[in-house]
Structure formats: C-alpha cells, structure tokens
Amino acid sequence: MTTALITGSTAGIGAAFARRLAADGHNLVLVARNTERLHEQATELHDRHGIEAEVLTADLATDEGIETVEKRLANRRDAVDLLINNAGFGNKGRYLEVSLADELTMLKVHCEAVLRLTSAATESMRERGRGGVVNVASVAAFVPRGTYGASKAWVVQFTQGAAKDLAGSGVRLMALCPGFVRTEFHQRAGMGTSNIPNWMWLDADKLVTVALTDLARGRTVSIPDPRYKALMGVVKVTPRALLGGVTSRTGRKYGPQ
Ligand SMILES: NC(=O)c1ccc[n+]([C@@H]2O[C@H](COP(=O)([O-])OP(=O)(O)OC[C@H]3O[C@@H](n4cnc5c(N)ncnc54)[C@H](OP(=O)(O)O)[C@@H]3O)[C@@H](O)[C@H]2O)c1
C-alpha cells in the first residue's frame, strides 16, 4: 500500500484528491490548520475506504508548520510516495490594496512551503527510486495577475526545472494548472464570483482524475481541461498589455458578495 500526503486536504481540490486517492486504496496523511475538520475527514475516509488516514495539523504560513510536515516527509520508516502540495488561498484586492504582510504570507504558503516540502519529499523518494509530487499552481501562472499569478508562475517554473533535474531518478513532478474551480477559495477570500461565466467553472473531482492521468503519463505541466488548454493557447499569442487588462477584470470582483 502506498501513502499520499495532501496539504490543504479538508476542502476543495485537496479534498477531491483525498477522496480519489482513498478510493484507489492509498493511505493518506491529511494536512491543514483546522484539526477538528481533519479528524472528521480522516474518520470518514477510513470508514468508507478502509485506508489509514493520519492527521497532521500545520499552518504552512509558519516555519513551525512547514517543519512539522518536512519531518513527516523525511520519515524513511513510514515513507510518503505521493506529495500533493495543494494548500493555498487568494487575497482580496489589487496590488497596493492588499497588505504587504498578506502578500508575504502568500509567498510563504505558495512558494517557500512548496519548495521545502518538495525538497523533503523528493530526497527520500530519490533514495527509493520512485515517487511523485503534484504542485497545484493555476492558469493564473500564465497571465499577469498580481502576487497570486506570480507565485503560481514560480510553482510552474520550479516544478518543471526540478522535474528535469530529477529525470531518470524514478521521481515524477508535475505542476497542476486549473482554471476556476468551485471550492471554498473565493468565499474565503471574500471575492464575488458572479462575473465568472458558467462555462469557466471546473469540477474538482473531474480535474483530479485528469491530473492523476497526466502524472502517470509523465507530464510536467497539466492544464486539466480542453477549454482552458485552448484559452492558454490564445494567451500565448496575445500581447501582454491586452492580457493584463482582461485578467485584471475577469474573476476579480472584489465588492461585497
Ligand atoms: N478554486 C480555484 O478556482 C482555483 C483555481 C486554480 C488553482 N487553485 C489552487 O488550488 C489550491 C487549492 O485551492 P481550493 O480552491 O481547493 O481552496 P479551498 O477550498 O479554500 O481549500 C483550501 C485548503 O487549504 C488549507 N489551507 C489554507 N491555508 C493553509 C495554511 N496556511 N496552512 C495549511 N493549510 C492551509 C485549508 O484548510 P485550513 O483552513 O483548515 O487550513 C483547505 O483545506 C490552491 O493552491 C489554489 O491556489 C484554486
């Protein structure tokens, strides 16, 4: 039996990964800040699928929280075979409307935690000659979209570079780049979503299925939907100035909900 560790497992995309991996018979290490919610999730997945689900409370915006997860990933006796770096959040507001402290917290969770946890996991995976890491980025990585887009661009670049450096080691790394997904993300950030067209919304369970297929195929970047693949094709040939205008409006309705 293999073990998967998922950060941000209790809601949205992370919860969809947990459901799918438990159904496939993987033991799980569930990571988030809310201990009560983690225990409820662990019990439910254990009861439904007969897998072992361990709970690790950690705030990845803190050194202490990151260290807790690093230590678990470095445990060679109870090794983690698949790491899903998924925890993340949005900040409400455009550049200079968001406090510097909140921007730095985003970089800590989206970049520093991802770097440190990927490193802790892949060191022991490389020794064993097998393992996988999925770093959840976003299609926002490909467009000018403030610190959020910049942090996700870092995730994509870092993951692709590390995947190349570890090629042939048996360790696979993939950046997952979803579009809009119905989760708690926008509500938590206090962002209205009424200006996001229906066709742009993705289903978390479906995107997890595509993501795991893409990982098995050895992809280093996954855009898990044909609509967004087409859209990102257009983005590649669109002038950056025009792109900046469009992306600063789409899905960034910050008024009261
Ligand atoms: N939803 C979208 O439209 C969308 C699109 C593209 C990419 N993404 C990315 O997908 C990932 C998951 O987002 P989601 O939409 O599933 O969000 P979500 O529904 O809000 O879930 C976020 C999860 O992360 C955990 N979390 C948040 N901050 C944390 C911290 N400091 N330390 C540890 N855990 C933390 C939350 O649990 P606790 O609160 O208990 O810690 C929760 O389990 C993020 O990286 C996001 O950027 C989302």
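This is a short tour of a predicted model, going from its sheet to the helices and then to the ligand.

**The sheet**

Start by selecting the strands. Seven of them form an open sheet, and their order across it is S3-S2-S1-S4-S5-S6-S7. The pairing is parallel. Now pick out strand S3 (53-57) and strand S7 (221-222), which are the edge strands. Each of these two pairs on one side only.

Next, select residues 131-136 and residues 171-176. The former are strand S5 and the latter strand S6. S5 and S6 run parallel and are joined by six bridges. To look at one position in this pair, label Val136, which stands opposite Leu176 in S6.

Keep those strands shown and add residues 146-165, which are helix H5. Which strands does H5 touch? Helix H5 packs on the sheet and touches S5, S6 and S7. The direction of H5 makes about 160° with that of S6.

**Helices H3 and H4**

Hide the sheet and select residues 63-74, helix H3, together with residues 100-128, helix H4. These two helices pack with their axes 8 Å apart, at an angle of about 15°. That angle makes H3 and H4 roughly parallel. Their crossing is right-handed.

To see the contact, show side chains on both helices. From H3, the residues are Ile66, Val69, Glu70, Leu73 and Ala74. They meet Ala113, Arg116, Leu117, Ala120, Ala121 and Ser124 in H4. By class, this contact of H3 with H4 has eight nonpolar residues, one polar residue and two charged residues.

**Helix H1 and its neighbours**

Move to helix H1 (12-23) and add residues 35-49, which are helix H2. The axes of H1 and H2 lie 10 Å apart, and the packing angle is about 30°. H1 and H2 are therefore roughly parallel to each other. The crossing in which H1 passes H2 is right-handed. Ala18, Ala22 and Ala23 of H1 make this contact with Gln41, Leu45 and His49 of H2. Four of the residues in the contact of H1 with H2 are nonpolar, two are polar and none is charged.

Now swap H2 for residues 204-216, helix H7. H1 and H7 pack at about 65°, with 9 Å between their axes. This crossing, too, can be viewed along the line between the helices; the crossing of H1 and H7 is right-handed. On the H1 side, select Gly12, Ile13, Ala16, Phe17 and Arg20. Across from them in H7 are Ala204, Asp205, Val208, Thr209 and Leu212. The contact of H1 with H7 has six nonpolar, two polar and two charged residues.

**The ligand**

Leave H1 on display and select the ligand. How many residues surround the ligand? There are 30, of which the closest are Gly8, Gly12, Arg33, Gly88 and Phe185. Two elements give two or more residues to this shell: helix H1 (12-23) and helix H6 (185-189). H1 supplies the largest share, three residues.

Finally, colour the shell by residue class. Around the ligand there are 14 nonpolar, eleven polar and five charged residues. Gly12 can be labelled last: Gly12 is among the residues closest to the ligand, and Gly12 is also one of the H1 residues that meet H7.

Methods. Residues numbered from 1 in each chain as written. Predicted model: local features only at pLDDT ≥ 70, side-chain atom pairs only at ≥ 80, totals over all residues. Near = placed C-beta within 6 Å. Helix = DSSP H or I, 4+ residues; strand = E, 2+ residues; numbered from the N terminus. Nonpolar A, V, L, I, M, F, W, Y, C, P; charged D, E, K, R; others polar. Axes fitted to C-alpha atoms, helices over the stretch in contact; angles between N-to-C directions. Parallel < 35°, antiparallel > 145°, perpendicular 65-115°, else oblique. Left-handed = near helix turned anticlockwise from the far one by under 90°. Contact = placed C-beta atoms within 7 Å. Pairing = 2+ DSSP bridges.
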